[in-house]
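Dear colleague,

I am passing on the structure we spoke about, and I would be glad if you kept it open while you read the notes that follow.

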Amino acid sequence: MKLIIGLDGHGSGERALQFGQNLASATGSCELLVVYVIEWSPFSFQTAEENAQRHKRREEEIALATERVVVPAVESLKKAGMNARGLVRHGNVADTLIAIAGDEKADQIIVGRTSEGGIASRLFGSVTANLVMHADVPVTVVA
């Protein structure tokens with residue numbers, strides 16, 4: 001069994017991580033893929049110099065997220081005896097998690113419920129809602 005655990009760098013991601021660890025412990029042989037997605041739009045009308053700076057900033061964000069969010073999570077899972085690895089990507093969070101789940105042939109996606117609200121989530125829908133509606137595998141939303 002392979003589980004994708006989506007982290008957000010907040011308490012909700014920590015709850016998802018703990019839930020994933022507990023589920024993996026209960027099921028036995030399980031691989032955990034800890035994923036952090038940096039919201040990123042591929043659409044930008046900039047000069048070549050601006051795009052080069054944007055690419056550099058993107059690489060810096062990946063390195064920072066890997067160091068501060070993903071590596072500690074993976075290390076904690078490995079210390080608990082879990083088979084775990086991490087991944088950081090840029091993109092639309094829901095779409096990226098769904099694509100990773102497909103590429104990795106994951107059995108389930110686990111994410112934490114956030115307190116996202118306001119006009120933006122009412123107009124465009126939350127990441128969690130989009131993930132639940134469009135994923136091809138079961139999605140567990142941890143409160």
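**The second helix and its surroundings**

In helix α2 the buried residues are Arg54, Ala65, Val69, Val70, Ala73, Val74 and Leu77. Please keep in mind that all of this comes from a predicted model. What covers these buried residues includes the strands β1 (2-7), β2 (31-39) and β3 (83-91), together with helix α1 (11-27). As you look along the helix, it may help to recall that an α-helix has 3.6 residues a turn, so residues three or four places apart point the same way.

How far apart should the ends of α2 be? The helix has 32 residues, running from 48 to 79, and at 1.5 Å a residue they should span 46 Å, which agrees with the 45 Å between its end C-alpha atoms. There is nevertheless a kink of about 45° in α2, and this kink is centred on Thr66. After α2 comes Gly81, which has a positive phi, near 85°.

**The chain as a whole**

The protein chain holds 5 helices and 5 strands, and from the N terminus on these elements follow the order β-α-β-α-β-α-β-α-α-β. It has 143 residues, of which 41% count as buried. If you take the contacts between residues at least 6 apart in sequence, 73% of them join residues at least 24 apart.

**The nonpolar cores**

The largest nonpolar core has 22 residues, and those with the most contacts inside it are Leu7, Leu17, Leu32, Val34, Tyr36 and Leu77. At least two residues of this core come from each of β1, α1, β2, α2 and β3, while the largest share, 6 residues, is supplied by α2. Apart from this core lies another, of 17 residues, among them Val35, Ile100, Leu131 and Ala135. In soluble globular proteins, nonpolar side chains tend to be buried together.

Val34 is a good residue to select on your screen: leaving aside residues up to four places away in sequence, Val34 touches several residues, including Ile5, Leu17, Val70, Val74 and Leu87.

**The last strand**

Which strand holds Thr140? Thr140 lies in β5, residues 139-142. Not counting residues up to four places away in sequence, Thr140 touches Phe19, Gln108, Ile109, Ile110 and Val111, and its side chain is joined to that of Gln108 by a polar contact of 2.3 Å. Although Thr140 and Gly20 are 120 residues apart along the chain, their C-alpha atoms are separated by 9.5 Å.

With best wishes

Notes: Residues are numbered from 1 along each chain as its sequence is written. This is a predicted model: local features need pLDDT of at least 70, side-chain atom pairs count only at pLDDT 80 or more; totals for chains, interfaces and linings use all residues. Side-chain values use heavy atoms; hydrogens and water are left out. Helices (H or I, at least four residues) and strands (E, at least two) are DSSP runs, numbered from the N terminus. The expected span of a helix is 1.5 Å times one less than its number of residues. The bend at a residue is the angle between axes fitted to the seven residues ending there and the seven starting there. Buried means under 20% relative accessible area, exposed over 50%, partly exposed in between (1.4 Å probe, protein chains only). Contact means heavy atoms within 4.5 Å. A polar contact is a pair of N or O atoms within 3.5 Å; within protein, one must be able to donate a hydrogen and the other to accept it, and residues adjacent in sequence count only if both atoms are side-chain atoms. A nonpolar core is a set of buried Ala, Val, Leu, Ile, Met, Phe, Trp, Tyr and Cys residues joined through side-chain atoms within 4.5 Å.
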